[in-house]
Amino acid sequence: EGELSDKALPHNLALALWGLREIQAAATVLDQALERCTDDRDLRELRAALYLETDDLAAAQALIGDETSSTGLAIMQAQALVTIDPQRARSLIKDNDFRSASQHQRLVADQVIVESFIREGLWDVALDRAGYLVDEYPWSIIPLIELAKTQRDRIPTEAEKTLSLAVDNLG
């Protein structure tokens, strides 16, 4: 009981369990750690990510609230909002400075923007933005998958070509 002296231990253990797909065990570790240090941003951020992993958007939203003090929290907040308030989700991304964020975080932020346009029915804008992702992140197949997802309902033949290209890029 009392204050948790080494917050890295539960954080790293939860990451390891999550990597092993032991989501419930990782969540339990983080919940116990957060009982002892409720204000630890890294633990809260990781727990919110686990909530998002299990599609519990309300719990993620409750945990991180409106806090966007880090790029990770801004992305999680936007992910939690994109289905219910796509414009606000997009604003959260656009209002944060991602220049010093990792490439992966920038990619995820851009994916949220694409998703927000889809949710609003702005298909042409979503397709343009998804195409931009392919050019901006050539090292990843994720933009190709995002583009194919966006193309799927509007231009299925293009979606098939894009997915084929993504599969080719795996090898």
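Here's a quick look at two nonpolar cores, one helix and one serine in this structure. Keep in mind that the model is predicted.

Let's start with the cores. The largest nonpolar core is made of 25 residues, and I75, A78, A89, I93, F98, V112 and V114 have the most contacts inside it. Four elements each give two or more residues to this core: α5, α6, α7 and α8. Helix α7 supplies the largest share, eight residues. To see how the pieces meet, pick A89: leaving aside neighbours within four places in sequence, A89 touches A78, L81, V82 and V112. There's also a second, separate core of 24 residues, with A26, L34, A49 and A60 among them. In soluble globular proteins, nonpolar side chains tend to be buried together.

Now for α10. This helix has 15 residues, so at 1.5 Å a residue it should span 21 Å, and its end C-alpha atoms are indeed 21 Å apart. Here's how some of its residues sort out:

| Group in α10 | Residues |
|---|---|
| Buried | A159, T162, A166 |
| Exposed, on the other side | T157, E160, K161, V167, D168 |

Why do the buried residues of α10 count as being on the same side? They cover an arc of only 65° around the axis, so they share one side of the helix. What do they pack against? The buried residues of α10 pack against α9.

Finally, find S140 in the loop between α8 and α9. S140 counts as buried because its relative accessibility is 9%, under the 20% cut-off. A polar atom of the S140 side chain sits 3.1 Å from the backbone nitrogen of I142.

Key. Residues numbered from 1 in each chain as written. Predicted model: local features only at pLDDT ≥ 70, side-chain atom pairs only at ≥ 80, totals over all residues. Heavy atoms only, no water. Buried < 20%, exposed > 50% of the residue type's maximum accessible area, 1.4 Å probe, protein only. Polar contact = N/O pair within 3.5 Å; in protein donor to acceptor, adjacent residues only side chain to side chain. Expected span 1.5 Å × (residues − 1). Arc of directions from axis to C-beta. Contact = heavy atoms within 4.5 Å. Core = buried A, V, L, I, M, F, W, Y, C linked by side-chain atoms within 4.5 Å.
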